[in-house]
Amino acid sequence: MPLRCLFACLLAMSLSAQERPLILKAARLLNVRTGKLETPGQLWVKAGRIQAGPPPAGVEIIDLGNRTLLPGLIDCHTHLLFPAGLGELGYLKRSQAAMVLDGVVNACKVLEAGFTTVRDVGASAGFGDVALRDAIARGDIPGPRMLVAGPALSITGGHGDLNGFPPHVHVGEDHIVDSPDAGRHAVREWHKRGVDLIKLHATGGVLSNHDDPGAPSFSPPEFKAIVEEARRRGLDVCAHAHGDAGILEATQAGVRSIEHGSLLSPATAKEMKARGTFLVPTLYALESILLPGNPYKVPEGSLAKARAILPLRKAGFRVALDAGIPIAYGTDIGVFEHGQVAADFRYLVSYGMTPLQALQSATLVAAELLRMGGEIGSLEPGHIADVIAVDGDPLTDISTLERVRFVMKDGKMVLRIP
């Protein structure tokens with residue numbers, strides 16, 4: 001993987017000035033809106049965009065053979081700056097500079113896995129995610145297009161409060177919000193630092209101490225103040241929420257999306273549907289916590305929480321699916337290894353989605369959540385030329401999305417495996 005990332009980095013830089021028109025050809029092209037396979041598949045790309053009409057004579061052709069062309073994938077819940085398995089003490093020992101460098105490596109892994117856009121929803125207090133986003137946007141380093149949230153807002157003792165240390169140890173508490181006015185101040189500060197959205201912890205979590213994933217965190221006035229102030233700044237809000245009461249309160253406050261949504265009830269799902277609130281389920285993250293041998297060194301208290309929530313989460317996901325809530329792909333990578341960013345597809349299908357629905361969650365639905373539906377998420381004329389290719393047909397074998405063989409972002413080829 002490191003050598004492949006280095007190759008992708010060098011290739012991306014060498015092609016940074018690529019503007020010449022070209023044609024991508026493959027045995028198939030999947031229309032993610034209809035689920036129909038076009039045979040053969042062909043795209044005409046110029047100036048970083050998919051073009052309509054016949055291409056000019058003599059245009060360069062890239063023939064990808066017996067493969068399927070698809071839109072670049074979108075992950076709506078990532079933590080690129082967080083190495084998997086560090087735990088609270090590991091994060092405390094790691095400098096902000098080191099975490100940004102971790103982000104550079106992880107961004108490359110995610111891009112070469114076929115994810116050309118991500119929404120990063122929680123990073124260190126130094127706003128390293130903003131710096132990483134901007135470096136990628138400038139073309140200084142390869143990586144997916146990023147929307148970033150900075151540090152996630154939390155109450156004292158909540159999921160985002162580092163609470164595994166003795167009382168005399170205080171670390172990184174600028175993101176702790178315990179009143180409506182503090183919430184408004186945090187949103188204004190985060191906006192000043194250049195974030196694209198706000199992330200808050202609406203309930204307790206699994207990988208945290210002394211909190212209950214089922215219990216709401218912020219009070220209704222605090223929820224309202226944060227969302228209202230974010231809207232005034234043109235920012236959406238996403239809410240980490242496992243418990244149903246916290247999901248409902250965050251939904252009623254007007255958040256754009258619920259992250260995880262583990263204990264969702266039919267009544268709250270109905271409210272989400274009515275308000276157009278998205279769900280980002282992050283299924284594999286919880287599964288990865290309970291892998292045999294505990295490879296990520298999760299503490300026993302968190303393992304107990306995961307064991308309790310897992311069977312209920314399957315039922316909650318089914319509730320969301322039956323209610324017709326828009327479900328956008330998200331992984332929570334950083335809980336597990338970033339190179340496994342496509343693992344959630346298998347779980348979406350095993351939890352009840354069709355392969356096409358799972359693929360749409362990482363393309364059309366995710367693009368809509370990010371308010372980028374006219375730019376990414378499908379292979380249509382005028383859209384940004386974010387394109388991947390896989391062997392076989394992902395509608396008959398969803399796991400093929402875990403073996404991406406070609407990646408193009410912004411009309412520039414960043415990975416091609418023979």
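Strand β8, residues 73-78, is largely enclosed by the rest of the structure, because 6 of its 6 residues are buried. The model is predicted, and the burial of β8 is a value computed from it. Strand β9, residues 115-120, pairs with β8 in the parallel sense, over 4 bridges. Within this pairing, Ile74 is found opposite Thr117 of β9.

Two residues of the β8 stretch, Asp75 and His77, lead on to Thr331, which is in contact with both. Thr331 is located in the loop that runs between α10 (300-323) and α11 (344-350). Is Thr331 buried or exposed? Its relative accessibility is 0%, and a residue under 20% is classed as buried, so Thr331 counts as buried.

The side chain of Thr331 has two polar partners to look at here. One is the side chain of Asp75, with which Thr331 makes a polar contact at 2.4 Å. The other is the backbone nitrogen of Ile333, which the Thr331 side chain reaches at 3.2 Å. Beyond four places in sequence, the contacts of Thr331 also include Thr78, Thr282 and Ala285. Phe336, Val341 and Asp344 are in contact with Thr331 as well.

His77 and Thr282 also appear among the contacts of His260. His260 belongs to strand β13, residues 257-260. At a relative accessibility of 6%, His260 counts as buried, because the value falls under the 20% limit. Which side chain makes a polar contact with that of His260? The partner is the side chain of His240, at 3.2 Å. His240 is also listed among the residues that His260 touches, together with Ala241 and His242. Leu279, Val280 and Pro281 form another run of residues touched by His260, and Arg313 and Asp332 are touched too. This list leaves out residues up to four places away from His260 in sequence.

From His260, the view can be widened to the sheet that holds β13. This is an open sheet of 4 strands in the order β11-β12-β13-β14, and the pairing is parallel. The edges are taken by β11 (197-201) and β14 (278-280); each has a single partner strand, so one side of each is left without a neighbour in the sheet. On average, neighbouring strands of the sheet are turned by 25 degrees against each other, direction ignored.

For the edge strand β14, the pairing with β13 is parallel and runs over 3 bridges. One residue pair in it is Glu259 with its bridge partner Val280 in β14. Val280 is thus a place where two descriptions meet: a bridge to Glu259 and a contact with His260.

Conventions. Residues are numbered from 1 along each chain as its sequence is written. This is a predicted model: local features need pLDDT of at least 70, side-chain atom pairs count only at pLDDT 80 or more; totals for chains, interfaces and linings use all residues. Side-chain values use heavy atoms; hydrogens and water are left out. Buried means under 20% relative accessible area, exposed over 50%, partly exposed in between (1.4 Å probe, protein chains only). Two strands pair if DSSP finds at least two bridges between them. A polar contact is a pair of N or O atoms within 3.5 Å; within protein, one must be able to donate a hydrogen and the other to accept it, and residues adjacent in sequence count only if both atoms are side-chain atoms. Contact means heavy atoms within 4.5 Å. Axes are lines fitted to C-alpha atoms, for helices over the stretch in contact, and angles run from 0 to 180 degrees between N-to-C directions.
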